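User: I'm new to reading protein structures. Could you walk me through one?

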Amino acid sequence: IEASSSTGTLTVTGVSLRPAAAAPDASQFAARIDRSGKDTPTAVNLLRGRLADCSSAWDSQFLPDNAVDGDLSNENYGGGATWHSQRPAVNQWLTIMLDQPQILSRFRMLNSSAQAAYRTRTYRIELSIDGKRYRPVADGTLPDDGETWTEITIDPALARFVRFVGISGFNRDYTVGLKEIEAYR
């Protein structure tokens, strides 16, 4: 975190920082991100099992928490394992709340295994600390199948909320869907 001001307060996840009367020794506060991959623990999906909410859900078999449960089954159009929105397949969203803010740098998404009418075509990923102000970090197109994982990397960013926006589906008159979304450090 880098900030400068002669007055005021900066609050970061419950920690208040106030400008000091004298400039502190910057070397006491040095931090770095190791991107070498050495001594990095096995990747953990930070979204798995977290609280999820959505703009709409098709019915009780296609709720938002299905997209973060790790269940990849395809029976009954992915019922109990996939999130499907209501109609139309335009600007429907899925939000996942982490237990605490995390640095995120990689996402994996798997489209719905149902027919194309229930799949997401174009998407956007947004991040937020407070669940109110979101900023876009990635967008793209998902494949028209429920078997190919889409993986993206972003510049490391701090977030407590991850929002997946189904901008459009393959058939506007139906729904957007998502089998699974994962996030990693």
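Analyst: Sure, let's start with a single side chain. In this predicted model, the side chains of lysine 179 and serine 113 make a polar contact at 3.0 Å. A polar atom of the lysine 179 side chain also lies 2.4 Å from the backbone oxygen of serine 73.

User: Where does lysine 179 sit along the chain?

Analyst: Look for the strands on either side. Lysine 179 is in the loop between β9 (177-178) and β10 (180-184).

User: Which side chain of opposite charge is nearest to lysine 179, and how far away is it?

Analyst: For a charged residue, check both burial and partners. The nearest one is aspartate 71, 6.5 Å away. A salt bridge needs the charged atoms within 4 Å, and lysine 179 has none, although it is buried.

User: Next door is β10. How many of its residues are buried?

Analyst: To read a strand, ask how much of it is covered up. Five of the five residues of β10 are buried, so the strand is largely enclosed by the rest of the structure. Then look at which way the side chains point: Glu180, Glu182 and Tyr184 go one way, Ile181 and Ala183 go the other way, and all are buried.

User: In which sense do β5 and β10 pair?

Analyst: Antiparallel: β5 (residues 90-110) and β10 are joined over five bridges. If you want a spot to click on, leucine 110 stands opposite glutamate 180 of β10.

User: Is glutamine 100, in β5, buried or partly exposed?

Analyst: Here you go by the relative accessibility. Glutamine 100 comes out at 48%, so it counts as partly exposed. Setting aside neighbours within four places in sequence, glutamine 100 is in contact with Ala159 and Arg160. Its C-alpha atom is 9.1 Å from that of phenylalanine 161, although the two residues are 61 apart along the chain.

User: What about serine 128 in β6?

Analyst: Serine 128 belongs to strand β6 (residues 120-128). With a relative accessible area of 2%, serine 128 is buried. Its side chain reaches the backbone oxygen of arginine 133 at 2.9 Å. Beyond four places in sequence, the contacts of serine 128 include Ala159, Arg160 and Phe161.

User: And which parts have pLDDT under 50?

Analyst: Start with the overall confidence, then hunt for weak stretches. The mean pLDDT is 85, and 77% of the residues reach 70 or more. Residues 9-18 stay under 50, with 13 contacts beyond four places in sequence in the model. Residues 24-40 are below 50 too, and that stretch has three contacts beyond near neighbours in sequence.

How values were computed: Residues are numbered from 1 along each chain as its sequence is written. This is a predicted model: local features need pLDDT of at least 70, side-chain atom pairs count only at pLDDT 80 or more; totals for chains, interfaces and linings use all residues. Side-chain values use heavy atoms; hydrogens and water are left out. pLDDT is the predictor's confidence in each residue, from 0 to 100. Contact means heavy atoms within 4.5 Å. Helices (H or I, at least four residues) and strands (E, at least two) are DSSP runs, numbered from the N terminus. Buried means under 20% relative accessible area, exposed over 50%, partly exposed in between (1.4 Å probe, protein chains only). Lys and Arg count as positive and Asp and Glu as negative; His and the chain ends are not counted. A polar contact is a pair of N or O atoms within 3.5 Å; within protein, one must be able to donate a hydrogen and the other to accept it, and residues adjacent in sequence count only if both atoms are side-chain atoms. Two strands pair if DSSP finds at least two bridges between them.
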